[in-house]
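Let's take a walk through this one together, starting with the cysteines and then moving on to some strands and a helix.

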Amino acid sequence: MNAFLQKLIADLKIFSNELLLSGLHATQQISTSMSTVASTTALLKSIDFLSALIPKLMGELQMTDATRKVMLYYTTSPKQATFSRRASDYQLDSAKRLLPAHWLGVLPVAELDTRPLRWLLYLLDVQQAALAKVHTRTNKYIEDSLLSQQGESAYAENDRATLLSMRSRLDEAKSKLAGAKALLLRNVQQQIVPSSNIPHPYPRSPSWMKLRRFAQQLLHPNDYLPSFLHNLLHGTVEIADTPYLYQRWCGVKLLQAFETLGWVWHRDPTGALFLGGEVCLYKSEIQISLWIEPRFSKRKVHPSGFSSQTVETHPDYLIVTPGPNGVDAFILDPTTTANPEVRSSKSRYLDTIEAIGMGAAAGMPVVRNPLRAWSASPLHLPHCELDDSEGRTGTIPMHPLDWSPQPLQDWVMDIDNYALAWGKFARMFS
């Protein structure tokens with residue numbers, strides 16, 4: 001793994017390790033370590049592992065760790081039986097002799113020791129509680145993203161299908177846990193309650209020894225997770241491709257730049273950074289919106305207040321602010337290449353995206369396009385680079401290994417000034 005990718009991963013993990021997941025984007029495989037595995041990946045893999053292990057655990061416990069008991073029964077046959085101690089089991093014969101009419105039989109039976117099963121049930125409950133949190137959180141991310149995925153192209157359809165597939169994977173994990181718990185209780189055939197106490201004596205069969213090692217990483221992930229996942233995932237793990245990790249890294253830095261200028265958000269932005277959506281920012285009773293990966297279609301009005309003039313288009317970041325005629329927009333579209341042609345191509349959004357409401361010039365209606373459409377690129381520069389004399393297009397240098405916040409801060413400062421000025425003006429006449 002190169003230093004560029006390592007730095008992206010390290011910075012994104014600080015904000016949220018969920019940002020390492022592929023989401024809607026392409027994937028890459030890298031060597032497994034604690035720093036490269038998102039918590040959702042670890043949880044889903046551990047659920048797969050434990051649910052598949054349950055049948056073996058039950059079978060080995062019945063074969064090797066059943067408690068041997070005996071059941072007494074009465075029989076008319078003396079075979080493998082003994083004399084009964086009940087007087088009613090004897091009768092007199094014709095010679096007045098007292099002879100046994102019933103004998104006491106002894107039948108060995110096996111009864112499961114429920115202590116290991118109570119602990120196993122506790123581990124399943126731990127996984128269920130963790131999955132419930134992930135399920136609720138990720139479903140919210142998916143719903144927010146679906147609101148922004150309004151295009152009709154094959155790309156839009158594929159994104160929606162991917163989102164629904166993510167939801168299905170969580171539902172599948174939920175079903176696996178429910179099935180594992182039902183199998184356990186069906187085999188026990190008695191009511192048991194979970195116990196966090198490791199059973200003593202502990203079953204020594206192979207699957208139960210695997211479970212004990214697994215339980216260490218489940219209950220103490222910081223101590224045991226890396227080596228467990230390395231073996232479970234066969235040494236590699238899938239994460240988002242580098243360009244998309246860089247895009248998210250730029251998004252995190254963009255939010256931090258707004259935060260430095262006093263803008264705050266009330267809802268966790270992780271879901272929007274992960275799957276796309278809206279992050280609302282507030283300052284001095286002014287609101288602006290950061291739309292992440294909005295998809296604009298010519299035939300549909302996007303919730304941001306903008307649409308596409310021609311073909312469907314999909315910028316990475318669209319910042320919507322108050323303006324003189326409603327709302328205005330600033331676009332930032334990161335790229336990992338330093339190629340000038342690729343960077344300057346981001347200016348296309350100035351022509352392809354337009355506001356829903358019209359502006360005015362000399363009393364005549366005019367189209368309102370974004371005010372700026374810039375790229376972000378890992379350049380080694382101490383300042384922003386302009387592509388035109390008006391500053392409508394250009395590049396912000398954003399290199400993870402040579403990071404200076406000042407160029408991005410300068411770019412965001414212009415948006416801050418614009419939003420506050422027109423936001424206060426709008427409030428004066430509202």
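A disulfide here is a pair of cysteine sulfur atoms within 2.5 Å. Apply that rule to this predicted model and the count is zero disulfides. As for the cysteines themselves, Cys-250 is buried, because its relative accessible area of 0% falls under the 20% cut-off. Cys-384 comes out at 22%, so it counts as partly exposed.

Cys-250 takes us to helix H7, which covers residues 242–260. How far apart should its ends be? H7 has 19 residues, and at 1.5 Å a residue they should span 27 Å; the end C-alpha atoms are 27 Å apart, so the two values agree. The helix is mostly covered, too, with 14 of its 19 residues buried. Just past the end of H7, Gly-262 adopts a positive phi of about 100°.

Now move along to strand S9, residues 286–292, where six of the seven residues are buried. Which strands does S9 pair with? One of its partners is S8 (residues 277–283), running antiparallel to S9 and joined to it by seven bridges. Within that pairing, Glu-278 has Trp-291 of S9 as its bridge partner. S8 and S9 form a hairpin with two residues between the strands, and Ser-284 has a positive phi near 50° there.

S9 also pairs with S11, residues 317–323, again in the antiparallel sense, this time over four bridges. To find this pairing in the structure, look for Ser-289, whose bridge partner in S11 is Val-320. While you're tracing these strands, keep in mind that side chains in a regular strand alternate between the two faces of the sheet.

Note on methods: Residues numbered from 1 in each chain as written. Predicted model: local features only at pLDDT ≥ 70, side-chain atom pairs only at ≥ 80, totals over all residues. Heavy atoms only, no water. Buried < 20%, exposed > 50% of the residue type's maximum accessible area, 1.4 Å probe, protein only. Pairing = 2+ DSSP bridges. Expected span 1.5 Å × (residues − 1).
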